[in-house]
Each structure stands twice: as C-alpha cells, then as structure tokens.
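Visitor: Hi, can we go through a structure together? I'd like to ask quick questions as we look.
Guide: Sure, here it is.

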Amino acid sequence: MSLAGSTTDTSISFKLKVWRQANAHAEGRFETYEMRDIPTDTSFLEMMDILNEQLIEQGQEPVTFDHDCREGICGMCSLYVNGHPHGPATGATTCQLYMRRFKDGDTITVEPWRSAAFPVIKDLMVNRNAFDQIQQAGGYVSFQTGGAQDANAIPISKEAADEAMDSATCIGCGACVAACKNGSAMLFLSAKVSQFALLPQGRAEAKRRVKAMLAKMDELGFGNCTNTGACAAECPKNIKLSNIARLNREFICAKCAD
Amino acid sequence: MPRDVASRAAKERCDKGFGVNNTGKAVFLDFSEAINRLGIDVIRQRYGNLFDMYEEITDVNPGELANEINGVKYYNPMMIYPAIHYTMGGIWVDYELQTSIKGLFAIGECNFSDHGANRLGASALMQGLADGYFVLPYTIQNYLSDQISVPRFSTESVEFDEAEKKVQANLDHLMGIQGKRSVDSIHKELGNVMWDYVGMARTKESLETALEKLKALRKEFETNLFIPGTQEGMNIELDKAFRLRDFITMGELIAYDALNRHESCGGHFREEHQTEEGEAKRDDENFFYVACWKYNGYKYKLQT
Ligand SMILES: Cc1cc2nc3c(=O)[nH]c(=O)nc-3n(C[C@H](O)[C@H](O)[C@H](O)COP(=O)(O)OP(=O)(O)OC[C@H]3O[C@@H](n4cnc5c(N)ncnc54)[C@H](O)[C@@H]3O)c2cc1C
Ligand code: SF4
Ligand code: FES
C-alpha cells in the first residue's frame with residue numbers, strides 16, 4: 001500500500017429497498033429507489049441523505065431515520081441493513097458503515113428495528129424510550145461518591161476498571177433487541193448493570209438496581225433470553241455475552257438476600 | 001502545539017491547494033516517529049480504538065507499515081481536517097445561571113459563563129458537570145422558593161393563547177413557503193459561509209462578506225424553502241427548519257461580534273491583529289470586556 005490515503009474514485013449504482021410507514025398505526029411497505037453513481041467513500045447515512053435530497057427535489061417526503069453524532073458514539077442510528085442491525089460491518093454502527101462494503105448492482109434492503117418494545121414512529125425511526133425507562137429504574141449511582149480525594153483512595157484493579165469500561169461502551173442503540181428472535185434486552189441491561197457491579201461505587205445499590213431494572217424490562221414487553229447469542233454477534237460495541245452471566249449472578253444473589 | 005495554531009495551519013495548507021485525499025480537504029498526521037520510538041503495542045493501547053474507527057471509515061489502517069526508506073519505517077498516516085466542536089460564548093446568564101427570561105436557566109455549553117474567549121481541553125464536559133452539580137442545586141432554589149405561592153398557570157390564559165397563535169403562525173409560514181430549496185441545502189450553505197468567512201481566521205472584509213451572505217441566506221430561507229409533508233405527526237424537515245432558522249441567527253450574531261472586536265483573543269483570530277509569530281494579539285485597553293448582544297428582531301444591540 002502506498003503512503004496516500006484512501007482516494008478511491010470508484011462509485012457504484014444499486015437498488016435501495018426501504019421500509020416506508022407513515023406512523024405507528026399505518027401499514028408499512030417497501031419502496032424501491034434507484035441509486036446512481038454513489039462514491040464508495042460515502043457513508044451509509046450520507047447515501048441516505050442523497051436519497052432524501054432527491055426525494056425532496058421531486059416534491060416527495062424524505063425517508064425518516066434516526067441519527068445524531070455520525071461517529072459511533074451516540075447510538076441513534078438504527079437501521080437494519082440487509083438483515084443485520086447496523087449492516088454487514090462488525091463492531092461498527094450504521095453511521096460507521098461505508099458504501100465500499102457494497103457492490104455495483106446490489107439490492108440493499110433497509111428496515112427499522114423490529115421489536116414489540118420499539119414501535120415504529122415513522123419509516124425507519126422507532127421509539128426506544130423503553131431503554132430510557134429501564135435506565136431510569138436504576139441505571140445510576142444515587143449517593144455522593146465523595147470528592148476526588150476519596151475516589152482516588154478506593155483502589156480498583158486494572159482488570160475491573162477495564163471490564164467496567166468495556167461494559168460502559170454500550171451506546172444503548174438497541175441492535176441487540178433487534179437481532180434477538182425473542183426481542184430480549186438482556187445484553188443492554190447486562191452492560192448497564194455490569195458497568196456498576198464491577199466497581200466499588202456501584203456495589204452499595206447493586207441489589208436494588210438489578211431487581212428494579214429487570215422488573216422494568218419485563219414490564220415493558222421485552223422477551224426472555226434463551227442464550228442464542230445473536231445480540232453479542234451484532235452489537236456494534238462488542239459487548240460480551242459474559243455480561244449476561246454476570247447479570248444473572250447479580251440477580252440471583254439479590255433475590256437470595258431478600 | 002496549541003490546537004488553534006495547528007488547525008489554522010491545516011486549513012491554510014488545504015486552502016492553498018496542498019491538501020491530500022481526493023477532496024483536497026485533509027493533511028497527514030504521521031504516527032511513524034511515535035511508533036518507532038514506543039512500539040506499535042503502546043500506540044495501539046492509546047489509540048487502538050481510534051485506529052479501528054479510522055480504518056472502518058477510510059479503509060486504511062494507520063498502524064500498518066507502509067514503506068521503509070533508508071532503514072526508517074513509515075506507517076500509514078492519518079488524514080485529518082479541523083472541525084468545530086464547541087461554541088465559545090452563549091446565552092447570557094446571571095451568577096445563578098438564570099437567563100434574562102425569569103425562571104429560564106441555561107447550563108452547560110449553551111451559556112457563556114465559564115469560559116473566556118477560549119477553553120482548555122476537556123473543560124467543556126467539566127462546565128456541564130460544574131453547572132449542574134455545583135451551581136444549579138444551590139441557585140435554582142432561590143427562584144423556586146418564591147414560586148411556591150404562585151398559583152398554577154392555566155392554558156386558558158391570554159398569554160397562552162398568544163403564544164400558541166405565534167407558534168401556529170410560524171408553522172403555517174414555514175409550511176406555506178413551498179419554495180425550491182431543501183433545509184439541508186441551505187444548512188450546508190450556511191456552514192460553508194461560516195467556515196470560509198467567520199472561521200478560524202477572520203478579517204474585516206471576510207466578516208463583512210459573511211454578513212451580506214447571511215442576510216441573503218436568511219431571505220432564501222424565508223422565501224424559497226421547501227418542506228414536504230404536513231404539520232401533523234413526525235416531520236423531520238420541519239423540525240430541522242426551526243433549528244436552521246436559529247443557526248442563521250446565531251451565525252449572524254457571531255459575525256457581528258467578530259467584526260466588532262478589533263483584536264485577536266483566544267479562539268477569535270483576526271488576521272489584522274497577530275504577533276510576528278502568528279499568535280493572537282490582544283487589545284485589553286479597548287476590548288477587555290464580555291460583549292453582550294441583545295436580540296432586537298434580527299437587529300442586535302451591543303451591551304458591554
Ligand atoms: C465531536 C466532539 C468532541 C468533543 N470532545 C470533547 C472532549 O474531549 N472533552 C470535552 O470536555 N468536551 C468535548 N466536546 C464538547 C462537549 O462534548 C460539549 O460541550 C458538551 O457535551 C455539552 O454538553 P451540554 O450538556 O451543555 O449540551 P448537549 O450535550 O449538547 O445537550 C443539549 C441537549 O439538549 C437537547 N435539546 C436541544 N434542543 C432541544 C429542544 N428544543 N427541546 C428539548 N431538548 C433539546 C439535545 O438533544 C441535547 O440532549 C466535544 C464536542 C464534540 C462535538
Ligand atoms: S449492548 Fe450493544 S447492541 Fe445492545 S444497546 Fe448496547 S451497544 Fe447496542
Ligand atoms: S449516529 Fe451516533 S452512533 Fe450512529
């Protein structure tokens with residue numbers, strides 16, 4: 001490889017099959033759009049922008065989809081591309097997906113997250129408020145952890161800190177739920193529980209937290225986990241399945257202490 | 001090297017046509033020296049996440065050996081370009097973080113309070129935390145303590161009706177323009193005006209040009225905008241239009257203020273006012289104040 005950056009001038013043309021649905025109660029359908037000469041350096045969302053610009057030019061309504069940071073840190077982009085949440089790339093969100101992953105002449109299918117707990121708002125935008133509610137049920141530390149000095153006086157091993165950090169990288173996108181045949185939110189929940197369970201500051205409220213968050217998850221209509229592992233395979237942040245084991249352990253310990 | 005100096009230098013090279021990549025909008029960031037000194041493992045531990053993200057975006061792995069010349073190893077460099085990621089200054093607030101609208105508080109990046117003309121690395125997140133953790137819990141009570149005796153407002157009031165009418169008129173106006181331009185196309189144009197004329201290096205001429213362009217852009221927005229769909233239900237274009245209108249106002253305000261400040265100071269760099277080393281040259285004699293602009297229906301009044 002030469003010293004130059006990626007300066008491909010290739011472009012591709014393809015068919016885009018996009019799910020259109022006016023609102024939660026309307027019937028949805030696929031619309032097919034012809035996309036021409038899209039440079040492969042275009043990001044997937046930029047490609048959607050190009051489509052929308054074309055639609056608006058023709059006086060039509062653009063495709064509604066969620067997005068915000070476009071750099072893989074906020075979890076807003078939630079497109080189901082060619083049968084995979086966040087598309088074919090592993091360890092990446094839809095906004096980090098680039099058109100060079102596709103070939104000239106392809107048909108690319110774009111759907112919203114499909115899950116009972118995530119109703120469609122419009123087109124590809126779904127309501128993920130259920131995740132907020134789970135977080136609100138216990139995904140925080142509610143007491144003063146002390147000043148910087150006290151915090152520095154609590155020793156934390158590098159392994160625990162690293163593992164907690166890995167769990168904390170969950171961006172709450174919901175791909176795990178969309179990937180799961182049961183529509184379970186266990187990977188998300190396990191990441192949110194683990195990031196605290198691994199640290200001394202999180203221990204004080206550990207029992208209350210895991211019970212409250214699990215109860216909320218059940219109440220909101222997410223399915224039960226049967227350990228298929230589709231969630232971890234599709235998670236853009238590579239959240240490990242072992243978090244679910246920790247979640248179960250935390251829950252059993254909390255229940256035993258009741 | 002301070003990031004404003006590095007950023008200006010990167011943009012200057014690209015503007016002069018020396019940029020790399022097929023867009024010409026990038027300079028190389030070379031990790032070779034650091035990798036040769038510390039080893040790839042140390043560098044990957046620090047920047048591995050960034051390298052992976054970069055590879056996903058560009059298809060180039062910055063940690064990969066690219067060339068060896070006279071025994072010196074060169075690794076794939078990264079293409080970088082400066083981007084805005086903070087707004088210096090903001091909504092006026094008093095010491096309690098209350099805006100000029102009673103009961104409306106502004107905290108975090110949107111207020112002007114914690115930074116001067118520049119901010120230090122990592123202190124933007126600090127500002128949000130400090131405002132929310134150390135200030136607001138002790139000041140908002142001063143406002144709330146008087147509120148306990150105020151009866152609940154009813155939506156049956158004249159003020160509510162007026163506010164509702166105003167919002168409705170605004171919605172009707174935007175939906176009714178039915179022009180030719182999409183929100184995004186105007187937004188992009190706004191971005192380019194701000195980047196080219198009100199950016200990291202400014203001059204009197206560039207700022208005057210910007211103000212003219214922004215005036216024309218506002219007219220384009222108010223008369224030639226096209227929002228498809230209806231007001232009812234989710235309409236992302238309508239949502240964006242409201243924001244864009246605010247962005248144009250904010251762009252204008254930044255340009256006015258920059259034009260008015262005949263000195264360089266922090267993130268505000270006027271090319272006419274620089275030292276021989278290219279550093280910001282301040283004029284504390286005349287500009288040692290926080291400029292506060294009052295909204296006056298798209299005209300702005302300076303209060304110091
Ligand atoms: C790419 C990037 C990198 C950065 N890196 C760093 C860094 O390394 N260190 C650092 O210290 N700072 C960094 N910053 C700056 C820092 O992240 C921000 O200054 C900070 O997050 C601002 O926090 P905030 O809570 O004040 O505002 P925001 O986080 O912007 O929150 C504003 C909230 O208001 C909501 N909102 C907007 N309009 C409405 C409305 N009409 N109704 C209801 N809600 C609304 C928004 O959805 C949003 O949630 C970075 C910024 C960017 C963009
Ligand atoms: S666990 Fe992974 S897939 Fe699930 S919400 Fe978090 S980041 Fe997204
Ligand atoms: S838009 Fe933020 S993660 Fe994709």
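Visitor: How much area does chain A expose?
Guide: About 12,100 Å². This comes from a predicted model.

Visitor: And what share of that do carbon and sulfur atoms supply?
Guide: They supply 50% of the exposed area of chain A.

Visitor: What percentage of the residues in chain A are buried?
Guide: Buried residues make up 47%. Chain A has 258 residues.

Visitor: OK, switching to the fold. How many helices and strands are in chain A?
Guide: Chain A has 10 helices and 7 strands. Its C-alpha atoms fill a box of roughly 60 × 55 × 35 Å along the principal axes.

Visitor: Take contacts between residues at least 6 apart in sequence. What share join residues at least 24 apart?
Guide: In chain A, 70% of those contacts do.

Visitor: What about charges? How many positive and negative ones does chain A have?
Guide: There are 26 positive and 30 negative charges in chain A. The mean positions of the two sets are 8 Å apart.

Visitor: Now the other chain. How many residues does each chain bring to the contact?
Guide: Chain B brings 25 residues, and chain A brings 30 residues.

Visitor: What area is buried between them?
Guide: About 2,300 Å² is buried between chain B and chain A. Carbon and sulfur atoms give 58% of that buried area.

Visitor: How many salt bridges cross that interface?
Guide: The rule finds 2 between chain B and chain A.

Visitor: Which residue of chain A pairs with Asp59(B)?
Guide: Arg100(A) forms a salt bridge with Asp59(B). Their closest N and O atoms are 4.0 Å apart.

Conventions
Residues numbered from 1 in each chain as written. Chains lettered and ligands numbered in written order. Predicted model: local features only at pLDDT ≥ 70, side-chain atom pairs only at ≥ 80, totals over all residues. Heavy atoms only, no water. Helix = DSSP H or I, 4+ residues; strand = E, 2+ residues; numbered from the N terminus. Buried < 20%, exposed > 50% of the residue type's maximum accessible area, 1.4 Å probe, protein only. Contact = heavy atoms within 4.5 Å. Areas by Shrake-Rupley, 256 points an atom, 1.4 Å probe, with all protein chains shown as cover. Lys, Arg positive; Asp, Glu negative; His and termini not counted. Charge placed at Lys NZ, Arg CZ, Asp CG, Glu CD. Buried area = accessible area lost by both parts, 1.4 Å probe. Salt bridge = Lys/Arg side-chain N within 4 Å of Asp/Glu carboxyl O.
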